[in-house]
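Me: I should like to go through the reasoning behind some labels given to charged and nonpolar side chains. Please set each value against its cut-off.

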Amino acid sequence: MNPDSGRNKIGLLGPFSFGNLGNAALQQTLVEHLRKRFPDAEFYGCCIDPSEQATARQIFPFPLNRHVPWTLKSRSVGPNRVNMDVSQEKPSAIREWLRETPLLSGLRRKARTILTKIKEVQEELAFCYEALRFAKEFRLLVVGLGGVFDEAWGGKWGDLYSYFRWAVLARIAGTPFVCLSVGVEEVNTRLAKFFCRATLFLAAYRSFRDAESKQKVEAIGVTSELHVFPDLAFTLERVNGRGTAADHRNLRAVGVSPMAYCDPRFWPIKDFSVYQDYLKKLSSFVCWLLQDGYEVVLFATQIRMDRWAIEELKALVLEEAPLNLHAQLSDVKLDTVDECLVLLSKLGAVVTSRLHGVILASLVSTPVLAISPASKVDKLMEDMKLTDYLLNIRRIELPLLINRFQTLEANHEIVGRTMQHAVARYRLAIETQFELVFQSGLLNL
């Protein structure tokens, strides 16, 4: 594919909004790298919540799929969701008679279901038509999120289908479609495997953030050339005072970032007892930290989903801890990646369960105790040679938490240097990938 050189738009595919600082870091990294190579380009980012201020990052939003309400008036000419008019008329006598007759009422429900499906198909076709026009204006479409191939969140007709749709439209439009350091999570059903396999087949270039993701797509039949490069967030530029200076760091301040693990309000696996048990054990650990003289700062890298976990953890701690220790506990709301990095650079250690909580802490060399909910966290900690500070979220107990934290504190200088060396290694690998893709002529851009 060799698009018209007059095209100056670059699209970033993925749900980059909805309060996920990990996704925001990936988007920020992509823009930083691509702007160096395409200084005149206009950047457009897929959104799942157009009310968020994507334009503050000089990125114009466009909807990931037809279910995103599109009300924002901007320079974007992105595809619009089709709105169907709903009649507000009062039901007629004939309709009332149909509703009260059992046989006819059943037929009416079936007919309504069929009409609903037809309308959904019409909406999807209309979205695809507008999206194709949109794709024809692009120089490049990039998928650069971590866990993009995952049916656990949204099902097989969620994001997996969205990427498949955009990959097909990009091929029709003659627009290069590339996957950079993507992650593969749960892809189990036949249809999900098809969407994943077809999307990768249509990509002009594809790489994965870890060997496990590569192995998963190979297992479902992807035989194209595949590469493994680290998570793109490791090359986030360090600007705006995100320093790591020792005199700015409070070694007696610990950041704790709980997550909504198995919380029925958010998590695809809904088990309130598991969620509650996780919070109670974390609460006991935070109380121990307070009693040992530490200051504890609660924060989230998934702002919307994990805020409830923070509030509920805080309530448990305040109920359990003596009143005179309450002043040592605080919580902070972070809105941007920069704010998160500034906070992390001031802490002596971080306890987190999210992958990008580990990655962002690594960027400022803040020692991490990872309470892992998934193999992606395990693999990263293993690769950074930090498995002594890795715990399984299902098997945490207070004595084990205390022991691992004390070991982390005793070795904080060694851990900091280990993180610095790992980040330097990852940055070099990712820079090599960008050179390979965008300066070798691989995409004929």
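Reply: The model is a predicted one. By the rule of a Lys or Arg side-chain nitrogen within 4 Å of a carboxyl oxygen of Asp or Glu, the count comes to 19 salt bridges.

Me: What makes Arg37 and Glu435 a salt bridge?

Reply: Their closest N and O atoms are 3.2 Å apart, and the cut-off is 4 Å; the pair therefore qualifies as a salt bridge. The two residues are 398 apart in the chain, with Arg37 in helix α1 and Glu435 in helix α13.

Me: Why is Arg37 called buried, and why is Glu435 called partly exposed?

Reply: Buried means under 20% relative accessible area; Arg37 has 19%, so the term buried applies. Glu435 has 35%, which lies between the 20% and 50% limits, so Glu435 is partly exposed.

Me: How do you know that Arg165 and Glu124 form a salt bridge?

Reply: The closest N and O atoms of Arg165 and Glu124 are 2.8 Å apart, and the limit is 4 Å, so the definition is met. Arg165 lies in helix α4 and Glu124 in helix α3, so the pair ties together parts that are 41 residues apart in sequence. Arg165, at 5% relative accessibility, counts as buried, and Glu124, at 12%, is buried too.

Me: Why does Leu115 count as exposed?

Reply: Exposed means over 50% relative accessible area; Leu115 has 52%, so the label exposed holds. Leu115 is in helix α3 and forms a nonpolar surface patch with Ile114 and Ile118, with about 290 Å² of accessible area together.

Technical notes
Residues numbered from 1 in each chain as written. Predicted model: local features only at pLDDT ≥ 70, side-chain atom pairs only at ≥ 80, totals over all residues. Heavy atoms only, no water. Patch = residues over 30% accessible without salt bridge, like charges linked within 9 Å, V, L, I, M, F, W, Y side chains within 5 Å. Areas by Shrake-Rupley, 256 points an atom, 1.4 Å probe, with all protein chains shown as cover. Helix = DSSP H or I, 4+ residues; strand = E, 2+ residues; numbered from the N terminus. Buried < 20%, exposed > 50% of the residue type's maximum accessible area, 1.4 Å probe, protein only.
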